[in-house]
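Here is a short tour to read with the model open beside you. We start with one strand and its partners, then move outward.

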Amino acid sequence: MASLSLSISPNSDRLIDGIFVFPRRQLLRRVATISNPSGCHLLTKRSLSSSAEKNRRNKVAAIRMSSTSPASHSYDVVVVGAGIIGLSIARQLLISSDLSVAVVDAAVPCSGATGAGQGYIWMVHKVPGSEKWDLAMRSRQLWEKFARDLKLQGLDPQEVLGWKKTGSLLVGKTSDDMAVLKEKVDQLSKAGLKAEFLSSLDLKKVEPLVVVGEEGGAAFLPNDYQLDARRSVAYIEKENRKYAKEGRYREYYNQPVTGWLRSGNGEVEAVQTPEYSLYSKKAIVISTGCWTGSLMQELIRDSDIKLKIPVKPRKGHLLVIENFSSFKLNHGLMEVGYIGHQDTINNLDSESEIASISMTATMDTLGNLVLGSSRQFVGFNTEINEQIINKIWERAREFFPSLKDLSLKDLEKNREVRVGLRPYMPGGKPMIGPVPGLSNVFLAAGHEGEGLTLALGTAEMVGDMVLGNPNKLDNAPYALHGYCS
Ligand SMILES: Cc1cc2nc3c(=O)[nH]c(=O)nc-3n(C[C@H](O)[C@H](O)[C@H](O)COP(=O)(O)OP(=O)(O)OC[C@H]3O[C@@H](n4cnc5c(N)ncnc54)[C@H](O)[C@@H]3O)c2cc1C
């Protein structure tokens, strides 16, 4: 049975279609309190100067000391974090049960890694038989179903989600790369996917503008997809909000979770934001991406729970050239070196400035050329680094020599840079499951560079755990036991 109860808020918030609209004073305050409780991260595009940081800390302290008691609201499930993972989990619970769901975010959807995502839902760089393979395959199936269902409703998935079956090309230039690509094609074919090896000449026929040299070639998966992360999130939100009419859904944006309330028997009863205590009758799901480690540390600070979540931010830049008319791409492309960069366990200290750059190129349904991408451990810094943008551009030109006729300066007006913090996990797989010692608290975080791809499978897994349904996939690889100390 869905259950939701609301208390009258002492604030002058307005409830429109299930979304709490906060008065302007709160939004302004939010800008200063955008970090998590430990104050060690920022979601803004530019980092704050030290005086601004001091000012921010004072304001956070002022909020904590505020004497106005937060308004209490109650739901079956409270989801913390409104990135692709949190919103997909909310969607899953709404469509597969009659539970009421609240989504809380420190900022707004797409302010985390999700807003920077390039949007490929590809299998070409994945490893059949690896721990994540089944989750990736299931997730892809669920995305396909999502797109099919939209069509059945008379909607165009291309318009709604930016969904396109572009196929993917993993390209390489050297004979060593060819050995990797041939093996990849072999493995992917044995796993049941349509995969082809393309020589340099074959590649020219399907993607004329990419140049890999005579020795080069590609692994080609014609049935891979891409989507537009921002449009997909907007649609999922819109769908979720339909449940607000029947009192089953609410969003609390610009509300950082700063603490939680535990009952006498140790269960977590509610999460707290500066304005609200959000009670949960069944489950609390923490899906706060790269902020999950610091948030959990803060939440369990005064408890006997010993948990160390090793997720850390891995910064990524994307260069978007809007309305790009110089050429069209038929497929999504990625250089084979990307696999190594993605999997590299960082052996440098976490403040290292060294960035790895590998070429990824996609063209979205609006005709924007999206070039990636960088990977870098620089803490929670989200400032744009022009040197990295130049390197991404240079790397793209090595594969697309026709870009050498264009200068980045001339494209300034059409340029957008996306920066996001991927939630990196040292073992390369996300955490999905209950927090040991807290049976009603679930974590779903640490999807690094695959969160868009894995979102729907993750959401289904969490939904089944919360609802007590039989597992569709083995969830043991994602359990949190290994992180208890
Ligand atoms: C450049 C780049 C390109 C990428 N390309 C792809 C791609 O093509 N395909 C793919 O599959 N993946 C891609 N990814 C990875 C993907 O974007 C991420 O894995 C995914 O977005 C992670 O989603 P999330 O919901 O876990 O985290 P996020 O999107 O970061 O969301 C976390 C949310 O938690 C909120 N939050 C934080 N602290 C609190 C708090 N205290 N209280 C309340 N809320 C809080 C934040 O405001 C944020 O909205 C890319 C990432 C980057 C950076």
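## A covered strand

Strand β9 (residues 217–221) is mostly covered, with 5 of its 5 residues buried. Buried here means that 20 or more other C-beta atoms lie within 10 Å of the residue's own; 12 or fewer makes a residue exposed, anything in between is partly exposed, and C-beta atoms are placed from the backbone. Helices (H or I, at least four residues) and strands (E, at least two) are DSSP runs, numbered from the N terminus. Gly217, Ala219 and Leu221 point one way from β9, Ala218 and Phe220 point the other way, and all are buried.

Which strands pair with β9? Strand β7 (residues 168–172) does so in the antiparallel sense over 5 bridges, and strand β8 (residues 196–199) runs antiparallel to β9 with 4 bridges. Strands count as paired if DSSP finds at least two bridges between them. To find the register, look for Leu169, whose bridge partner in β9 is Phe220, and for Leu198, which stands opposite Ala218.

## About the model

This is a predicted model, in which local features need pLDDT of at least 70 and side-chain atom pairs count only at pLDDT 80 or more, while totals for chains, interfaces and linings use all residues. Residues are numbered from 1 along each chain as its sequence is written.

The protein chain has 12 helices and 21 strands, and buried residues make up 46% of its 485 residues.

## Around the ligand

Of the 44 residues around the ligand (C-beta atom, placed from the backbone, within 6 Å of it), Gly83, Gly112, Gly289, Gly420 and Gly451 come nearest. The elements giving two or more residues to this shell are α3 (84–96), β15 (312–321), β18 (369–376), β19 (415–424) and α12 (451–467).

The shell divides into 19 nonpolar, 21 polar and 4 charged residues. Ala, Val, Leu, Ile, Met, Phe, Trp, Tyr, Cys and Pro count as nonpolar, Asp, Glu, Lys and Arg as charged, and the others, Gly among them, as polar.

## Backbone spots to check

Most residues other than glycine have a negative phi, and most peptide bonds are trans. The bond from Gly372 to Ser373 is cis, with omega near -20 degrees, and Ser373 sits in strand β18.

Asn254, not a glycine, has a positive phi of about 60 degrees and is found in the loop between β11 (249–252) and β12 (259–262). Asn323 also has a positive phi, about 45 degrees, and lies in the loop between β15 and β16 (332–335). Are these two asparagines buried or exposed? Asn254 counts as buried because it has 22 C-beta neighbours inside 10 Å, whereas Asn323 is exposed, with 9 other C-beta atoms within 10 Å.
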